[in-house]
Amino acid sequence: MFFKEVDRSAPKNDIRDELLWLAADNGEVLSKARADKLANKFKRGEFDPDLARFIQYSDPTGETASTNADKERSAA
């Protein structure tokens with residue numbers, strides 16, 4: 001299950017479990033209690049900056065392109 005497929009109508013426990021999975025996948029430490037609180041905020045439609053940290057989108061191709069562009073810019 002990917003977070004983008006989870007909406008606010010999903011059960012809170014499913015959202016919590018997805019946040020825990022995403023945190024672990026991103027190498028982040030997230031307690032079950034904190035994941036539960038973040039899931040509650042997500043269900044209520046409240047933005048929490050911590051959510052952005054856990055649901056970040058990985059784009060290795062874009063990151064490589066940005067790095068290359070930065071190198072070219074600094075070499076000029």
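**Helix 1 and the salt bridges of a four-helix model**

On the other side of helix 1 from its buried residues, Ala24 and Asp25 are exposed. The buried set in helix 1 consists of Ile15, Arg16, Glu18, Leu19, Leu22 and Ala23. Viewed down the helix axis, these buried residues fall within an arc of 165°, so they line one face of helix 1. The model is predicted.

Helix 1 has 14 residues. From first C-alpha to last, helix 1 reaches 20 Å, close to the 20 Å expected at 1.5 Å a residue. Glycine 27 follows helix 1. The phi of glycine 27 is positive, near 75°.

The protein as a whole holds 4 helices and 0 strands. Its elements run α-α-α-α from the N terminus on. Of the 76 residues, 22% are buried. The accessible surface comes to about 5500 Å². Carbon and sulfur atoms account for 51% of that surface. Contacts were also examined by sequence separation. Among those between residues at least 6 apart in sequence, 48% join residues at least 24 apart.

The structure contains 2 salt bridges. One of them pairs the side chains of aspartate 36 and lysine 12, at 2.4 Å from N to O. Aspartate 36 lies in helix 2 (residues 32-44), and lysine 12 lies in helix 1 (residues 12-25), so the pair ties together parts that are 24 residues apart in sequence. Aspartate 36 is partly exposed, at a relative accessible area of 21%. Lysine 12 also counts as partly exposed, with 25% relative accessibility. Both values lie above the cut-off for burial, which is under 20% relative accessible area.

Another salt bridge joins aspartate 17 to arginine 16. Here the closest N and O atoms are 2.9 Å apart. Arginine 16 is buried, with a relative accessible area of 13%. Aspartate 17 is partly exposed, with a relative accessible area of 37%. Arginine 16 thus appears twice in this description: among the buried residues of helix 1, and as the partner of aspartate 17.

Conventions: Residues numbered from 1 in each chain as written. Predicted model: local features only at pLDDT ≥ 70, side-chain atom pairs only at ≥ 80, totals over all residues. Heavy atoms only, no water. Helix = DSSP H or I, 4+ residues; strand = E, 2+ residues; numbered from the N terminus. Buried < 20%, exposed > 50% of the residue type's maximum accessible area, 1.4 Å probe, protein only. Contact = heavy atoms within 4.5 Å. Areas by Shrake-Rupley, 256 points an atom, 1.4 Å probe, with all protein chains shown as cover. Salt bridge = Lys/Arg side-chain N within 4 Å of Asp/Glu carboxyl O. Expected span 1.5 Å × (residues − 1). Arc of directions from axis to C-beta.
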